[in-house]
Amino acid sequence: MPFPVTTQGSQQTQPPQKHYGITSPISLAAPKETDCLLTQKLVETLKPFGVFEEEEELQRRILILGKLNNLVKEWIREISESKNLPQSVIENVGGKIFTFGSYRLGVHTKGADIDALCVAPRHVDRSDFFTSFYDKLKLQEEVKDLRAVEEAFVPVIKLCFDGIEIDILFARLALQTIPEDLDLRDDSLLKNLDIRCIRSLNGCRVTDEILHLVPNIDNFRLTLRAIKLWAKRHNIYSNILGFLGGVSWAMLVARTCQLYPNAIASTLVHKFFLVFSKWEWPNPVLLKQPEECNLNLPVWDPRVNPSDRYHLMPIITPAYPQQNSTYNVSVSTRMVMVEEFKQGLAITDEILLSKAEWSKLFEAPNFFQKYKHYIVLLASAPTEKQRLEWVGLVESKIRILVGSLEKNEFITLAHVNPQSFPAPKENDKEEFRTMWVIGLVFKKTENSENLSVDLTYDIQSFTDTVYRQAINSKMFEVDMKIAAMHVKRKQLHQLLPSHVLQKKKKHSTEGVKLTPLNDSSLDLSMDSDNSMSVPSPTSAMKTSPLNSSGSSQGRNSPAPAVTAASVTNIQATEVSLPQVNSSESSGGTSSESIPQTATQPAISSPPKPTVSRVVSSTRLVNPPPRPSGNAAAKIPNPIVGVKRTSSPHKEESPKKTKTEEDETSEDANCLALSGHDKTETKEQLDTETSTTQSETIQTATSLLASQKTSSTDLSDIPALPANPIPVIKNSIKLRLNR
C-alpha cells in the first residue's frame with residue numbers, strides 16, 4: 001500500500017492555501033529533505049505494528065460495503081412497495097450506507113471493525129430497520145453473530161459480514177428519496193428528526209467535518225496513525241475510562257495540522273507533543289467556530305451550561321450540535337496524559353536531533369513497575385455471555401471509582417490501566433473473571449507521624465453504584481460479583497499473566513518471581529475506543545483478537561487458584577511510594593507560542609508522596625443507604641473542589657466504632673493483621689461466604705421482583721432501590737508514616 005510523502009518541491013508549487021482553524025497558523029514552513037527522510041523512517045517503524053492494512057484486505061472491505069449497500073437499497077425498495085408508494089418514487093427511492101470512525105478517516109488497522117450508518121427516506125421507520133432489515137441480514141450466508149441492540153443510547157445492529165465486524169446505525173431523514181451525492185454535513189438535514197437519528201448521524205457528520213478541516217488529508221492520516229499507536233502503547237486510549245477515544249485523538253491531530261498546514265508527518269508528530277504538552281487546559285480545542293443553527297439542540301457552551309465549565313480537557317466536535325468528546329476525563333487521567341505528552345515531546349526532540357529512533361516513541365512503559373500500590377478490581381459472572389454484559393457495565397463505571405479515589409485527601413493520583421486482564425480462577429470454580437488494575441500515588445504527609453488512609457468508602461460507593469445500575473437495567477443475575485483489593489507491586493505476579501510482567505523484569509527492584517499463567521495473548525490493535533492492547537512488532541502476526549473490551553478469560557488455560565485472601569492476608573512490610581514520573585524536558589528547544597482560546601491557567605501538579613507500612617484487610621458489612629458520591633466523581637471541579645477526607649463520618653457508618661477499635665489493636669503491631677481481621681479475611685477468600693451470598697441473592701432477587709417500571713437509563717446517578725444492597729465490603733486501609 002503506497003504511503004504518500006509530500007516533497008518539498010510539490011509544496012512550493014502549490015497555490016496559496018486557504019485558512020484553516022480558528023486562529024492563524026503558527027508556521028507555514030515547507031518540509032525539508034530531512035523531514036521527508038524522517039517521515040519515511042516513521043512509516044517503516046509503523047509497519048511491523050500492523051497499523052497498515054494490505055491492499056487486498058482493503059479491497060475486500062470495499063466489496064463487503066458494496067454488498068451491504070445493495071442490500072439496503074433492495075430492502076428500502078421492498079418497504080416502499082409494501083407501503084404502496086408510486087412506482088416512479090420506488091425506482092429512485094435510494095438509500096445508502098455511509099461509513100464513519102477510523103475506517104472513514106482512513107486510519108483503520110488490520111482486523112478493525114467498520115462503523116456504518118444506514119440512511120433511509122422518511123417512509124422507512126426505525127422499527128422496519130430492526131425487524132425486516134434484521135431478518136434480511138439473517139438470510140445472508142456471509143452474516144454471522146447477528147444481534148440487535150435496539151434500546152442502546154445509539155441503537156445499533158452488530159454483525160460479522162464475511163469475517164469483518166460491522167456496527168450499523170440507522171437514520172431516517174425527512175426526504176422522499178436519498179440521492180447518491182447526499183452530503184450529511186448539511187445542517188438542514190437535522191430539521192424535524194428524532195433525537196436517536198440525530199445521534200446516529202453525529203458520527204458521520206463529525207468525521208466528514210474533520211476531513212474537510214485539515215489542509216492535507218494524507219499527512220493528517222499518517223500522523224494520526226502514529227499518534228493512535230503511541231496512545232495505545234502508552235495505555236491512554238480509552239474514552240470510557242476517562243482517557244481519549246479515537247475521535248478525540250483525531251481532533252487533536254487535526255488541530256495540529258491546522259497550526260502547521262505545510263508540515264509533513266514527522267514534523268506534525270513532534271508539533272503535536274509540543275502543542276499539547278503546553279496547552280493551558282481547560283481551554284477548549286476547537287477546529288472551527290461553533291455555529292448556531294436555531295434547531296434548539298443542546299450544544300457545549302460553558303457560557304450557558306454551568307456543568308460545561310467543569311470539563312477538564314474539552315475537545316469540541318466540529319459538527320452541529322457541538323459536544324465535548326472528553327467529558328469523562330478526570331484530574332488523574334488528565335495528569336497522566338499531560339505527563340505522557342511531555343515525555344513524547346522529549347523523545348521526539350531526540351529523534352529530530354538524530355539522537356533516537358522512532359521505535360523509542362512506541363516503546364510500551366511498564367505500568368506494573370510504575371507504582372508501589374495498586375487496587376485490583378475483579379468482576380466475575382457464571383457464564384461467558386453474562387460476563388460480557390457485566391464487564392461492560394463495570395468498565396463503564398470505573399471512572400466513578402477513579403474520581404472518588406482522587407478526591408481522597410491522601411491520594412495524588414489514581415491511574416487505571418485501560419487494558420483488562422483475565423483473572424485466575426479460584427478453586428477450579430466454573431466462572432468467568434476479568435480484572436482491572438489501578439495504580440495509586442499518595443501525597444506526602446505533613447506534621448503527622450502516623451496517618452491511616454481508609455479507602456473502604458470509595459470502594460463501597462462504587463460497588464453500590466454498579467449493583468444498582470445492574471438491577472435498574474434488569475441486567476443483574478445471581479453470582480455477578482465485584483471484588484476489590486489492595487495489592488503491592490511485588491504481589492502482582494500472583495494475579496497477572498506472566499508475559500505482562502516480563503517486559504521489564506530487569507528493571508524491577510522487588511525481585512518478583514513470576515508465576516506462569518499460560519494465558520492466551522491479549523487483544524492486539526483492535527481499532528475500538530475501548531480496546532487498548534497493540535502488538536509489539538515481533539508478536540503482531542501470531543496473536544488472536546479477543547472481545548472488544550480487550551480481555552480474555554483463558555477458559556482452556558490452567559491457572560493457579562489465587563484468592564483475595566492470598567493477596568490481602570500478607571503481613572505489611574516497609575514500603576516507599578515512587579514519585580510521579582516527570583519529563584526532564586519541557587520541550588524547550590522551541591519558543592513558538594500556542595494559540596489558546598482563553599487565559600485560565602492549567603492545574604498545577606500536587607506534591608510527591610512517601611508512604612510506609614501497609615495494613616490491608618477485608619470486612620463483611622451490610623451498609624446503610626448513603627449517597628454514592630458519583631455525581632461529584634463525574635464532574636470534578638478543578639478550581640473550587642474540596643478534597644474529601646479518607647473516611648466517612650461516624651454517623652454515616654455504624655461500623656466506624658468497630659473499625660477504630662481494630663485500628664487501636666493494630667497500633668500495637670502494625671506488621672500483622674488483628675486476629676479478628678485474619679478470621680474475616682480467611683472466611684471471605686474471594687468474597688464468597690455462604691451466608692452473605694445467600695443474603696445478597698435474596699435481597700437482589702426481591703429488588704428485582706419489586707421493580708415495577710422498566711429502567712434502561714444507564715446514567716451515572718441511578719435511582720436508589722428501596723433497600724440497601726448487602727454486598728461484601730472490601731476494607732482497604734493503608735497506614736502512612738512520614
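Of the 738 residues in this chain, 58% count as buried. Bear in mind as you look around that the model is predicted. Its secondary structure comes to 20 helices and 13 strands. Among contacts with a separation of 6 or more, residues 24 or more positions apart account for 78%.

**The sheet and its helices**

A good place to start is an open sheet of 5 strands, ordered E1-E2-E5-E4-E3 with mixed pairing. Its edges are strand E1 (96-100) and strand E3 (143-149), each of which pairs on one side only. On average, neighbouring strands of this sheet are turned by 25° against each other, direction ignored.

Within the sheet, strand E4 (residues 156-161) pairs with strand E5 (residues 164-172) in the antiparallel sense, over 5 bridges. Here Ile-157 stands opposite Ile-168 in E5.

Which strands does helix H3 touch as it packs on the sheet? Helix H3 touches E1, strand E2 (114-120), E4 and E5. Helix H7, for its part, lies across E1, E2 and E5. The table sets out how the two helices run against E5.

| Helix | Residues | Angle to E5 |
|---|---|---|
| H3 | 55-82 | about 35° |
| H7 | 195-212 | about 120° |

**The nonpolar cores**

In soluble globular proteins, nonpolar side chains tend to be buried together. In this model, the largest nonpolar core has 120 residues, and those with the most contacts inside it are Phe-220, Trp-230, Trp-249 and Trp-390. Leaving aside residues up to four places away in sequence, Phe-220 touches Leu-105, Ile-210, Leu-211, Val-214, Ala-250, Val-253, Ala-254 and Cys-257. A second, separate core holds 31 residues, including Ile-64, Cys-118, Phe-161 and Ile-168. Ile-168 is also the residue of E5 that stands opposite Ile-157.

**Helix H9**

Helix H9 covers residues 246-259, so several of the partners of Phe-220, including Ala-250 and Val-253, fall within its range. The helix has 14 residues and reaches 20 Å from its first C-alpha to its last, close to the 20 Å expected at 1.5 Å a residue. Why is H9 largely enclosed by the rest of the structure? Because 13 of its 14 residues are buried.

**Cysteines**

How many disulfides does the structure hold? The count is 0. Cys-118, a member of the second core, is buried, with a relative accessible area of 0%. Cys-36 has 10% relative accessibility, and it counts as buried because the cut-off is under 20%.

Key. Residues numbered from 1 in each chain as written. Predicted model: local features only at pLDDT ≥ 70, side-chain atom pairs only at ≥ 80, totals over all residues. Heavy atoms only, no water. Helix = DSSP H or I, 4+ residues; strand = E, 2+ residues; numbered from the N terminus. Expected span 1.5 Å × (residues − 1). Buried < 20%, exposed > 50% of the residue type's maximum accessible area, 1.4 Å probe, protein only. Core = buried A, V, L, I, M, F, W, Y, C linked by side-chain atoms within 4.5 Å. Contact = heavy atoms within 4.5 Å. Disulfide = S-S within 2.5 Å. Pairing = 2+ DSSP bridges. Axes fitted to C-alpha atoms, helices over the stretch in contact; angles between N-to-C directions.
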